[in-house]
Amino acid sequence: MAKPTPPRYPILSYQPLRLVFQLVYIGSIVARLPLWLTVSLLPSLRPHPKWNGKQTFLSRVAHALVDLKSYIGISDPITLEAGAQGDRFQVIEPFPAEFYTGPLTRSPTIKPEPVGGTWCPQRPSASSAPAGITMLYLHGGAYIQGDGRDDYCGYPNRTIPKLGVAQTVFSLQYRLSGYGGQNPFPAALQDALTAYLFLLRIQNVPASRIVICGDSAGGNLAIALLRYLVEYGAALDIPMPRCATLFSPWVNLFAFNFNSSNSAQWNSDFLPNGFLKWGAETYSTGVANPEKDSYITPLGNPFATTVPVFVNVGTAEIFVEAVREWVGQMKAVNGGNRIEYKQEDAAPHDTFLLADKLCFEESAEEVLIAAKEFIERSG
């Protein structure tokens, strides 16, 4: 059920407790390094038999660092300043209010705002559609971290154009949720719609050359955007995209009651319970029964769409069972949507975003090639 008041910041987010806790936790990481090295060097102790030592060690470090951030509970700051992205970063204005209807008007205080995004590999000319496929990329990060820029989304921002999955990427910096009532639903969905309308109506990219792409929480957001276009697009004269590509989509924000030890893959993934709880509770603040809400929780809420959808999930991640179930539900709607489902063997969560940080580049590139072929067939 919706919380009557926004969840408060954890006590560890305040100084000086924050600094003390960070020092203690970092000390615990240092103390655990010999154990992680031992587990990484001995194949029989690795959490997955197909992982090498480097993958094992990096997954343990990633879990600890994300866990540390979860205890602090301070969402990433974002800015509309270009910074290091230079002229590749573009600020776009929201569209007239009539485009934001239905679920986008649920909150009287959450209104469409200017939003930024990073073009890759380069910014196209004003009002001129770039050649080939343009991908609207919605990054992962549990709705509480990430900004679409190269420091955070460097791997997909580089690799998608390099492999020809899409010729151009617009990596959106949508508003992040956080404690204290910071940008809950529908802020991110408003921003995603603004970006899609921008590509169509300002940049003049034909809908047949736009791919909506999302990983993890961005996958959840991409599904919500696709649902919105299905339910309201015709009345608003918004055409459907060429297709959608989803990587490790977060289809059930409240899975396992935030206890991933109930998953068979709990030991081979790096997502701590606190991180998922932080994102789910702050994003859904003010939403009545978010566990059943079709725009928050795709699992259990399938819908019919003419848009082809590519879905990838790692077999070693805790989302795999929920994603598989959601794909089955989507295929069963009205004789079956066009869903192409791929399981990335032995992969943890979201190699699409984190392949270079977790040493899963080889399998991630195989998935991207499969996505490229799917996009080409969808035309």
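1. What radius of gyration would a compact globule with 379 residues have, and what does the protein have? The globule value is near 21 Å and the protein has 20 Å, so the two agree. Bear in mind that this is a predicted model. Along the principal axes, the C-alpha atoms fill a box of roughly 60 × 45 × 45 Å.

2. On the fold: I see 9 helices and 8 strands. Of the contacts with a separation of 6 or more, 80% are between residues 24 or more positions apart. Buried residues make up 58% of the 379. The protein exposes about 15,100 Å², with carbon and sulfur atoms supplying 56% of that.

3. Now the charges. There are 30 positive and 32 negative side chains, and the centres of the two sets sit 1 Å apart. The structure holds 11 salt bridges.

4. Have a look at helix H5 (residues 217-236), where arginine 227 and glutamate 231 are about one helical turn from each other because they are 4 residues apart. They form a salt bridge, with the closest N and O atoms 3.6 Å apart. Arginine 227 is buried at 6% relative accessibility, while glutamate 231 is partly exposed at 40%.

5. Helix H6 (residues 273-283) has a pair with a 4-residue spacing, lysine 277 and glutamate 281. Their salt bridge has its closest N and O atoms 3.0 Å apart. Here lysine 277 is partly exposed at 36%, and glutamate 281 counts as buried at 15%. Elsewhere, shared salt-bridge partners join Glu113, Arg175 and Asp191 into one network.

6. Lastly, lysine 69 and aspartate 76 meet in a salt bridge at 2.3 Å, N to O. Lysine 69 is partly exposed at 23%, and aspartate 76 is partly exposed at 21%.

How values were computed: Residues numbered from 1 in each chain as written. Predicted model: local features only at pLDDT ≥ 70, side-chain atom pairs only at ≥ 80, totals over all residues. Heavy atoms only, no water. Helix = DSSP H or I, 4+ residues; strand = E, 2+ residues; numbered from the N terminus. Rg over C-alpha atoms; globule rule 2.2 N^0.38 Å. Buried < 20%, exposed > 50% of the residue type's maximum accessible area, 1.4 Å probe, protein only. Contact = heavy atoms within 4.5 Å. Areas by Shrake-Rupley, 256 points an atom, 1.4 Å probe, with all protein chains shown as cover. Lys, Arg positive; Asp, Glu negative; His and termini not counted. Charge placed at Lys NZ, Arg CZ, Asp CG, Glu CD. Salt bridge = Lys/Arg side-chain N within 4 Å of Asp/Glu carboxyl O.
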